[in-house]
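Student: Hey, can we go through this one together? I'm new to it and could use a hand.

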Amino acid sequence: MRSKNQVYMHSHNFADETPFNGCYEAIAHFPEKCTAVAVRLNQGKLEWLAPYGLQELLSMTVSPTPFFAKDERSMAIYRCRIQQKNWQEKWPALKIFL
């Protein structure tokens, strides 16, 4: 899996998007709620950052974040990503909302 530097992610899908103010805002702009999750180890303890919670991840559900659900342009990017990832091939029980 390739990692991406969040400093540049504001321009990954939309050239006209302003830079994010931090990790929380960047993660909140991920395409899917279930992928909008980060974890780090801080003094031996796990710290979770999940703007939309973990319910979709745990229930094997995929739906767009509010940022991607806001208009057809954004939803087209979300749908293209879902198609490219082909997650249902790996996880047939996955529920995907288009």
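Student: Let's jump right in. Which residues in H4 are buried?

Tutor: Keep in mind that this is a predicted model. In H4, the buried ones are Ser74, Met75, Tyr78 and Ile82.

Student: Where do they sit around the axis of H4?

Tutor: They sit on the same side of H4, because the arc they cover around the axis is only 100 degrees.

Student: And what do the buried residues of H4 pack against?

Tutor: They have four partners: strand S3 (61-62), helix H3 (66-69), helix H5 (87-90) and strand S4 (95-96).

Student: Okay, which exposed residues are on the face turned away from the buried side of H4?

Tutor: That face carries Glu72, Gln83 and Gln84.

Student: How many residues does H4 have, and how far does it reach?

Tutor: H4 runs over residues 72-85, so to speak, with 14 residues. From first C-alpha to last it reaches 20 Å, close to the 20 Å expected at 1.5 Å a residue.

Student: What's going on at the start of H4?

Tutor: There, aspartate 71 has a side-chain oxygen that comes to within 3.3 Å of the backbone nitrogen of arginine 73.

Student: And just after H4, what does asparagine 86 do?

Tutor: Asparagine 86 takes a positive phi, about 50 degrees.

Student: Switching topic: where is threonine 61 found?

Tutor: Threonine 61 is in strand S3, which is one of the elements that the buried residues of H4 pack against.

Student: Is threonine 61 buried or exposed?

Tutor: Buried, because its relative accessibility is 10% and the cut-off for buried is under 20%.

Student: Which side chain does threonine 61 join in a polar contact?

Tutor: The side chain of serine 59, at 3.0 Å.

Student: What else does threonine 61 touch, leaving out residues up to four places away in sequence?

Tutor: Threonine 61 touches Cys34, Glu56, Leu94, Lys95 and Phe97.

Student: Let's zoom out. How many helices and strands are in the protein chain?

Tutor: Five helices and four strands. Along the sequence, they follow the pattern α-β-β-α-β-α-α-α-β.

Student: What share of the chain's residues is buried?

Tutor: Of the 98 residues in the protein chain, 29% are buried.

Student: How about the area the chain exposes?

Tutor: The protein chain exposes about 6900 Å², and 55% of that comes from carbon and sulfur atoms.

Student: Last one: of the contacts between residues at least 6 apart in sequence, what share joins residues at least 24 apart?

Tutor: In this protein chain, that share is 46%.

Key
Residues numbered from 1 in each chain as written. Predicted model: local features only at pLDDT ≥ 70, side-chain atom pairs only at ≥ 80, totals over all residues. Heavy atoms only, no water. Helix = DSSP H or I, 4+ residues; strand = E, 2+ residues; numbered from the N terminus. Expected span 1.5 Å × (residues − 1). Buried < 20%, exposed > 50% of the residue type's maximum accessible area, 1.4 Å probe, protein only. Arc of directions from axis to C-beta. Contact = heavy atoms within 4.5 Å. Polar contact = N/O pair within 3.5 Å; in protein donor to acceptor, adjacent residues only side chain to side chain. Areas by Shrake-Rupley, 256 points an atom, 1.4 Å probe, with all protein chains shown as cover.
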